[in-house]
Amino acid sequence: MPRVIVVGGSIGGLTAALVLRDAGCDVRVFERSSTALTARGAGIAALDTTLDYLVRHGGLRAGDVCSSTEWIRFLNRDGSVRHEQRHRYLFSSWNTIYRSLLGLFDADRYLLGAEVTDFRQDGETVAVTLASGSQAEADLLVCADGVGSLGRARLAPSAGRSYSGYVAWRGTVPERDLSPGTRALLGSAITYQVLPDSHILVYPIPALDGSLSEGNRLVNTVWYVNVAEGAPLDALMTGRDGIRRPVSLPPGAATGQAIAGMRQAAADLLASPIAEVIACTAEPFVQVIYDIEVPTMAFGRTCLIGDAAFAVRPHAAAGTAKAAADGWALAQELAVADGDVPAALAAWERRQLALGRSLLARCRDIGDSSQFSGSFRPGDPQLIFGLYRPGN
């Protein structure tokens, strides 16, 4: 089986590294951060594919790393229930899933402070250059380096970010900081409110220490807001430090003016339980919603996985599951091909391109129905989370 370098040690890169290691590959992960990653992305819906490695090989149950909700609930402006249906979801946090996966990988093969600055393919090997000037060699290079992927910039330069026309205001608040009535309403459901050209959703996730007990969890919010490209988006994404960030403003970076405007909109537009969550969120942050689609995922002995290949809008809650699926499929095809990298990548690419295109189109349709066409409807079965289709 081949020697593998995985560029990027986030959830997708870690999952790929684990399943490839278990398939018999000699795997190293190069992560540019000098310290273990923390608190990226706040809450995530935990689809089966996201949890597969932890459950099948990590000795964990879904309930060890996830909170659960039993209802999908839509509120009116006055706080009354507009629609509800029984449907079970699992929710976790980026940090909880990452920390659990990291604990299952070989510490000496997960290299921090290893920023890849260049790579080249030469016959049957790929040579990687690090910022330190050192080099490494592998038979297969897996680029799991996210939205700002160096691999994609080098291999598919025409596949840039396409702005959706809206952003997500995100944040978390300790459940215990909310009033008893709000905790009771929100604790067992994913709760939505549909607004003109917008919607918001709220759900419980594990605390930073992984706690899952009621009252000790966090409550996560995602509020999709249209922002015109150009000066309005530039103003929003320029933080209090004067730096204009292209993808996200981390907690504490948004300007006081931007946060005040968001909080006032919440007070004016949102049902009081949801507005209370917004008011109690100490450090809201902003994520710009992009579409990214590559025409090709495999290039000789190099491939792109996860957000490096397809960055999809969050509406199917399948971004982390898609990255994990890319890794699982790659390990399967390498096993079938008996370690023949070009043969494995050819078969793998056919599968994963089709999945990426399908998921991107579905998420784009959901987002546009909310933010632009006004056809986003409570109870629509297309809104059910899923990787391959709604509910799956």
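Biologist: In this predicted model, which residue in strand 18 stands opposite alanine 298?

Modeller: Look at strand 18, which covers residues 302-304. The partner of alanine 298 sits in that strand. The residue opposite alanine 298 is cysteine 303.

Biologist: How many bridges join strand 17 to strand 18?

Modeller: Strand 17 and strand 18 run antiparallel. Pairing takes at least two bridges between strands. The number joining strand 17 to strand 18 is two.

Biologist: Which are the edge strands of the open sheet?

Modeller: The sheet has six strands with mixed pairing. Their order is 6-2-1-10-18-17. An edge strand here pairs on one side only. The edge strands are strand 6 (110-112) and strand 17 (298-299).

Biologist: At what angle does helix 11 run to strand 18?

Modeller: Helix 11 spans residues 341-373. It lies across strand 10 (140-143), strand 17 and strand 18. Its angle to strand 18 is about 20°.

Biologist: Now to another strand. Is arginine 73 buried or exposed?

Modeller: Arginine 73 is found in strand 4, residues 67-75. Its relative accessible area is 9%. Buried means under 20%, so arginine 73 is buried.

Biologist: Which side chain makes a polar contact with the side chain of arginine 73?

Modeller: Arginine 73 touches several residues farther than four places away in sequence, including Val81, His83, Glu84 and Tyr192. Its side chain also reaches the backbone oxygen of leucine 185 at 2.9 Å. The side-chain partner lies at 2.9 Å. That partner is glutamate 84.

How values were computed:
Residues are numbered from 1 along each chain as its sequence is written. This is a predicted model: local features need pLDDT of at least 70, side-chain atom pairs count only at pLDDT 80 or more; totals for chains, interfaces and linings use all residues. Side-chain values use heavy atoms; hydrogens and water are left out. Helices (H or I, at least four residues) and strands (E, at least two) are DSSP runs, numbered from the N terminus. Contact means heavy atoms within 4.5 Å. Axes are lines fitted to C-alpha atoms, for helices over the stretch in contact, and angles run from 0 to 180 degrees between N-to-C directions. Buried means under 20% relative accessible area, exposed over 50%, partly exposed in between (1.4 Å probe, protein chains only). A polar contact is a pair of N or O atoms within 3.5 Å; within protein, one must be able to donate a hydrogen and the other to accept it, and residues adjacent in sequence count only if both atoms are side-chain atoms.
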